[in-house]
Amino acid sequence: MAPVIFGCLLLAVWEILVRINHVPPYILPGPLLIAETLYKDFGTLFPSLLITFRITVVAFAMAAIGGLLLGMLFASSRWIERSLFPYAVVLQVTPIVAIAPLIIIWAKDTQLALLICAWLVAFFPVVSNTAVGLNSTDRNLTQLFHLYGASKFQTMWMLKLPASMPYYLAGLRIAGGLALIGAVVAEFVAGTGGTQSGLAYRILEAGYRLQIPRMFAALVLISLTGVLIFAALSLLSRLILRKWHESAAGGH
């Protein structure tokens, strides 16, 4: 209850300060006005939220699968890891805002461009965490598998993948939020309107029209979506690890 109580107190102080200082709503709306705007404009904002969420989920799924496969490839060959990993780092450290315009130009479909941008942001944490987890497998157990004549596939499937699961799931929790950030940033750069507009465009639209309460309402939806994604992935991680790993079994 502590976060809930603190959040309520923070919102109450925000509302009181806005009313006492008579701050105009086009500068800083109060929480009550934001909630009222969210209720009134929900019919417009929710379809845009679904578009942004769809891009986020698809990009996250691609990052989860591709990152796992590439991480396994890195762990199977040091030469491949040394050859390809620096390029993965380059993609990670390059701001998505800088390359998003190029992707939007090169991709014929705007939705595809947004998907690529979100995937690029979410991809690296999964690859990095998976590779670290696979390479952190107990060497004594690896040598034991080798002693009993296990193949590379059997060692990977029966030993290294289960041992790397906490690292992989931690990467997924990071990638979930980054996929949402990537989708929103790409929508800002694309600036597409119409029926296929995501929440980022609704924020831009509200800003151009000085509808600041509506902008805050859209921001609330984005924040809640990010929290739900993180909570769902944390729950998944706990369900998978709770019976055998200390990171999830500590509370029992």
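1. The lining of the largest pocket splits into four nonpolar, eight polar and four charged residues. Here Ala, Val, Leu, Ile, Met, Phe, Trp, Tyr, Cys and Pro count as nonpolar, Asp, Glu, Lys and Arg as charged, and the others, Gly among them, as polar. One caveat up front: this is a predicted model, where local features need pLDDT of at least 70 and side-chain atom pairs count only at pLDDT 80 or more, while totals for chains, interfaces and linings use all residues. Residues are numbered from 1 along each chain as its sequence is written, and side-chain values use heavy atoms, with hydrogens and water left out.

2. That largest pocket has a volume of about 490 Å³. Of its 16 lining residues, Ala75, Asn135, Thr142, Thr155 and Lys160 are the closest to its centre. Two or more lining residues come from each of α3 (42–76), α6 (110–135), α7 (139–147) and α8 (152–190). For your setup: on a 1 Å grid over the protein atoms alone, a pocket is an open set of points where a 1.4 Å probe fits, with protein on both sides within 12 Å along at least five of seven lines, and lining residues have an atom within 4 Å of a point.

3. The second largest pocket comes in at about 200 Å³. Its lining is nine nonpolar residues, with no polar and no charged ones: Leu11, Trp14, Pro31, Ile34, Ala35, Leu38, Phe216, Val220 and Leu224. The elements giving two or more of these are α1, α2 (31–40) and α10, and α2 has the largest share, with four residues.

4. On to the largest nonpolar core (buried Ala, Val, Leu, Ile, Met, Phe, Trp, Tyr and Cys residues joined through side-chain atoms within 4.5 Å; buried is under 20% relative accessible area, exposed over 50%, partly exposed in between, with a 1.4 Å probe and protein chains only). Of its 18 residues, Ile55, Ile96, Ile99, Ile103, Cys117, Ala118 and Leu120 touch the most other members. α6 supplies the largest share of this core, seven residues.

5. How does helix α1 check out on length? At 1.5 Å a residue, its 19 residues (2–20) should span 27 Å, and the end C-alpha atoms are 27 Å apart, which agrees. Just after α1, histidine 22 takes a positive phi of about 55 degrees.

6. Leucine 239 sits in helix α10 (residues 212–241). Leucine 239 is partly exposed, at a relative accessible area of 46%.

Terms used
Expected span 1.5 Å × (residues − 1). Points joined across faces, edges and corners; volume = space filled by probe spheres on them.
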